[in-house]
Amino acid sequence: MFGLWKRFKALLDTYRAYDPAAKSLWEIALLYPGPKALIMHRLAHLFYKAELYFVARFVAEISRWLTGIEIHPGATLGRRLVIDHGFGVVIGETAIVGDDCVIFHGVTLGGIKFDPVKRHPTVGNKVMIGTGAKILGPIMIGDGAMIGANSVVVKDVPAGATMVAPLAQQLK
């Protein structure tokens, strides 16, 4: 139990360090949608791993109603993930997100197939994904990459690269 509190506190501290508008940990814990969605996802993910799929989806649905953030219970999320504002974020079942990432509102980590295979992106550590970006398919976003607002990404992104809209072209 102490380990869970320690991880939750680390998440809140990450939000506070990230957001200069945050005035207190209580404000972040109770009023920010991202931490609520992440905590509920952790619970839903436990049910999913236990093959209690209906319960997992039910918890995820409640989270979506409360936060506007839709995270499939099968998705794997790293530590200290910041979902800023969050409304309209969609993270698919086979998506994997690394540690210390920032995802802005309107982002989709989606699939392009309907087969029961790995069909969603894998996002490395310390990746920033801008507002409205769509990252589609079983692609890899390398550590430290930055995806610009409204970019559509359908190919692997190397570590440290910056991809920008309209055609998600790599900046030199």
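Buried means under 20% relative accessible area, exposed over 50%, and partly exposed in between. The legends below apply these terms to a predicted model.

**Figure 1. Lys-9 and Asp-13 form a salt bridge within helix α1.** With a relative accessible area of 32%, Lys-9 falls between the two cut-offs and is therefore partly exposed. Asp-13, at 33%, is likewise partly exposed. The side chains of this pair meet at 3.0 Å, N to O. Both residues belong to helix α1, which covers residues 2-18, and they are four residues apart, about one turn of the helix. The whole structure contains four salt bridges, and this view presents one of them.

**Figure 2. Helix α4 carries a salt bridge between Glu-61 and Arg-64.** The N to O distance between the two side chains is 2.5 Å. Helix α4 spans residues 53-67, and the partners within the helix are three residues apart, about one turn. Glu-61 is partly exposed, at 28% relative accessibility. Arg-64 also counts as partly exposed, with a value of 31%.

**Figure 3. A salt bridge between Glu-93 and Arg-119 links two loops.** The closest N and O atoms of the pair are 2.7 Å apart. Glu-93 lies in the loop between β4 (90-91) and β5, whereas Arg-119 lies in the loop between β7 (108-110) and β8, so the salt bridge ties together parts that are 26 residues apart in sequence. The partners fall on either side of the 20% cut-off for burial: Glu-93 is partly exposed at 21% relative accessibility, and Arg-119 is buried at 16%.

**Figure 4. Four strands form an open, parallel sheet.** The order of the strands is β2-β5-β8-β11. Strands β2 (76-77) and β11 (140-141) stand at the edges with a single partner strand each, so one side of each has no neighbour in the sheet. Strands of a sheet pair through backbone hydrogen bonds, in either a parallel or an antiparallel manner. Here, β5 (residues 96-97) pairs with β8 (residues 122-123) in the parallel sense, over two bridges. Ile-96 is placed opposite Thr-122 of β8.

**Figure 5. Asp-84 is buried and takes part in no salt bridge.** This residue is located in strand β3, which comprises residues 82-84. The nearest side chain of opposite charge belongs to Lys-36, 13 Å away; a salt bridge requires a nitrogen of Lys or Arg within 4 Å of a carboxyl oxygen, so Lys-36 does not qualify as a partner. The side chain of Asp-84 instead has a polar contact of 2.8 Å with the side chain of Tyr-18. Leaving aside residues up to four places away in sequence, Asp-84 touches Tyr-18, Ile-103, Phe-104 and His-105.

**Figure 6. Helix α3 has a span close to the expected value.** The 17 residues of α3, numbered 33-49, reach 24 Å from the first C-alpha to the last, against an expected 24 Å at 1.5 Å a residue. Buried residues of this helix include Gly-34, Pro-35, Ala-37, Leu-38 and Met-40. Further along α3, His-41, Ala-44, His-45 and Tyr-48 are buried as well. Glu-51, which follows the helix, has a positive phi, near 65°.

Notes: Residues numbered from 1 in each chain as written. Predicted model: local features only at pLDDT ≥ 70, side-chain atom pairs only at ≥ 80, totals over all residues. Heavy atoms only, no water. Buried < 20%, exposed > 50% of the residue type's maximum accessible area, 1.4 Å probe, protein only. Lys, Arg positive; Asp, Glu negative; His and termini not counted. Polar contact = N/O pair within 3.5 Å; in protein donor to acceptor, adjacent residues only side chain to side chain. Contact = heavy atoms within 4.5 Å. Expected span 1.5 Å × (residues − 1). Pairing = 2+ DSSP bridges.
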